[in-house]
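Me: Please take a close look at one charged part of this model. I would like to know which residues belong there and how they sit in the chain.

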Amino acid sequence: QNHSWGGTQQSQEIKEGVNTAWRNHSIFIASRGNDGSNGNPIEYPACYDDKKVLNVGASGIDGKYKDGTNGDILIGQQTNVFWSSSYGNGVDFIAPGCTELVTTPYNPISPYWWQNTSSTPNNYYTFNGTSAAAPHVAGVTALMYSKHHLDKGAPNNLATEDVEHILE
């Protein structure tokens, strides 16, 4: 399950949702946030129980945490270089999160697209932030589960901790 949203307030309902997903062998993957903080404020659902949630930050073009100096420069003009990936408080992974690395099909109702017409094909736009990074982790875990899950006839059952260990 990819969760590219969050906030600083805990919610009993969301915490129960995380627990229910975990009890049902569904991996809960959450974006860490784009305020560049080192763990403060703590953001939920990414910072709920680290055994039950894979917490994802974003990388820049150099593979390091996106920090405002390593990505999101489009065709010589700066767009969105001011954001930085949050880190600390149990970030498990970072994945590509800047517009130079992430393209996606165009969605006319979404306010989060950045067009880069010289390097992206028609009907594809660029996308950034930890909301662009978390789906990378969700996709890989879905592929792992498609082959290694009891519900799919596999002889083993991967828990969230197993997937995290394998990915590390």
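Reply: Asp 162 is found in helix H3, a helix that covers residues 160-167. The model is predicted, so local features need pLDDT of at least 70 and side-chain atom pairs pLDDT 80 or more, while totals for chains, interfaces and linings use all residues. Residues are numbered from 1 along each chain as its sequence is written, and side-chain values use heavy atoms, without hydrogens and water. Helix H3 also holds Glu 161. Helices (H or I, at least four residues) and strands (E, at least two) are DSSP runs numbered from the N terminus.

Asp 162 is partly exposed, at a relative accessible area of 32%, and Glu 161 is partly exposed too, at 31%. Partly exposed lies between buried (under 20%) and exposed (over 50%), with a 1.4 Å probe and protein chains only.

Glu 161 and Asp 162 join Asp 49 and Asp 50 in a surface patch of negative charge. Such a patch takes residues with over 30% relative accessible area and no salt bridge, like charges being joined within 9 Å. A salt bridge is a Lys or Arg side-chain nitrogen within 4 Å of an Asp or Glu carboxyl oxygen. Asp and Glu count as negative, with the charge placed at CG of Asp or CD of Glu.

Asp 162 and Lys 51 are 111 residues apart along the chain, but their C-alpha atoms are separated by 10.0 Å.

The chain as a whole has three helices and eight strands. Of its 168 residues, 43% count as buried.

Terms used:
Patches are made of residues with over 30% relative accessible area and no salt bridge: like charges are joined within 9 Å, nonpolar side chains (Val, Leu, Ile, Met, Phe, Trp, Tyr) within 5 Å. Accessible areas come from the Shrake-Rupley method with a 1.4 Å probe; for residues, only the protein chains shown count as cover.
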